[in-house]
Amino acid sequence: MIIFRYLTREILMTMAAVAGVLLLVIMGSRFIRYFTNAAEGEIPVSILGTLMLYHLPGFLELILPLAFFLGILLAYGQLYLNSEIAVLVACGTSPLRLLQVSLVPATVVAVLVGLCSLWLTPAGALHNEQLLEEQQSRLDFTALAPGRFQDFGGGRTAYTEGYDDDRSHMQEVFISERQRRRDGTPESAVTRAASGYQTVDEETGSRFLVLSEGERYSVEPGRHVAERLEFATYAVRLSQAGDRSDLESPELVSTASLLASDEARAQAQLQWRLSLPVMVFILTLLAMPLSRVNPRQGRFAKLLPAVFLHVCYLSLLLAALDAIGRGALPVAVGMWPIHAAFLALGLGLMVRAQRQGMAG
């Protein structure tokens, strides 16, 4: 039990350190991307934390297998450098016994990865898509910062002086639009209004910005004449119904729905979700013999080949995911030959290590 606790602690502590660094890098990159979108007015800043939180399971399902793989390599590599493996072997500990010890934390990690891939990741992805779609349905102008000109795409630039207390009405609204007439002639339109609010047509589902007490100027390039329109109420259509995200995508639906579906894309996604926890056990089998290093080489000697092996494993699974979804690879074959090949490689390395001796 002392050896078990010691080895488990070393593996999990190393894994936690590696996972923390990888998670910080990946989440930082995604946060910068979302923050850029928020700065451009595409999404409000208030939902950034929620988006990142629901992306976390999707990051963990990919980070944890790699972190655990590297954790075993680095932890056992340190044991080799300190000649602790030699002592364990001298006391009668075999490679098979060390593998049994490593499979206990591997089971814990595989359960966490399975929890993410089979439940939390699709639920989080669906929540984020619904949240972003809800923001789009409210429209861009809910993300408009008072006192700033912001570009919302489609040739539209907007400005508002401020909001009322519940942020439902804007004060002193300015909108510049580049558009075309029915005959294809380009024109620029500038609209100013004392106030404005957004609404959705219940019949068509289209979104409108309703402006009150203002003027609208239309200018055709090359002409010195402008059209001026004064209005008490003017509605600007912001988007049409039908531009909605595909919430029935296999990446977003539950695992139970995938099990009930016979579509190739659904079955490909199901095999991908099942492959991630399976990968943890196979990587554990591969990491045990790969962690063996010469004290003169250092604990990082096998790190680069091991990372390359993991990248190949993951890349082949992603390629199979795409091939199954396109129908180029039969669902019955699926990703299982890839798992079988790496399992055979791991067993071969373990048999070789057993014959040579862990300290040999």
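**Figure 1. Glu172 in strand β3 of the predicted model.** Glu172 counts as partly exposed, its relative accessibility being 32%. That value falls between the limits of 20% for buried and 50% for exposed, so the residue belongs to neither of those two classes. The residue is part of strand β3, which covers residues 169–180. Its backbone phi is near 50 degrees, a positive value although Glu172 is not a glycine. The model shown here and in the other views is predicted.

**Figure 2. Glu213 in strand β5.** Strand β5 spans residues 207–219 and includes Glu213. Here, too, phi is positive in a residue other than glycine, with a value near 55 degrees. The relative accessible area of Glu213 is 51%. Because exposed means over 50%, Glu213 counts as exposed.

**Figure 3. Packing of helix α2 against helix α7.** Helix α2 is made up of residues 48–81 and helix α7 of residues 303–326. The two axes lie 11 Å apart and form an angle of about 155 degrees. Angles over 145 degrees count as roughly antiparallel, and α2 is therefore roughly antiparallel to α7. The crossing of the two helices is right-handed.

**Figure 4. Residues in the contact of α2 with α7.** On the α2 side, the contact involves Leu66, Phe69, Leu70, Leu73 and Leu74. These residues meet Leu303, Ala306, Val307 and His310 of α7. Sorted by class, the contact has eight nonpolar residues and one polar residue, with no charged residues. The polar residue is His310, because histidine is not among the residue types that count as nonpolar or charged.

**Figure 5. Setting of the close-ups within the whole protein.** The protein has eight helices and six strands. Read from the N terminus, the order of elements is α-α-α-α-β-β-β-β-β-β-α-α-α-α. The chain has 360 residues, and 43% of them count as buried. Among contacts with a separation of 6 or more, 62% come from residues 24 or more positions apart. The exposed surface of the protein is about 19000 Å², and carbon and sulfur atoms supply 60% of this area.

Methods
Residues numbered from 1 in each chain as written. Predicted model: local features only at pLDDT ≥ 70, side-chain atom pairs only at ≥ 80, totals over all residues. Heavy atoms only, no water. Helix = DSSP H or I, 4+ residues; strand = E, 2+ residues; numbered from the N terminus. Buried < 20%, exposed > 50% of the residue type's maximum accessible area, 1.4 Å probe, protein only. Contact = heavy atoms within 4.5 Å. Areas by Shrake-Rupley, 256 points an atom, 1.4 Å probe, with all protein chains shown as cover. Axes fitted to C-alpha atoms, helices over the stretch in contact; angles between N-to-C directions. Parallel < 35°, antiparallel > 145°, perpendicular 65-115°, else oblique. Left-handed = near helix turned anticlockwise from the far one by under 90°.
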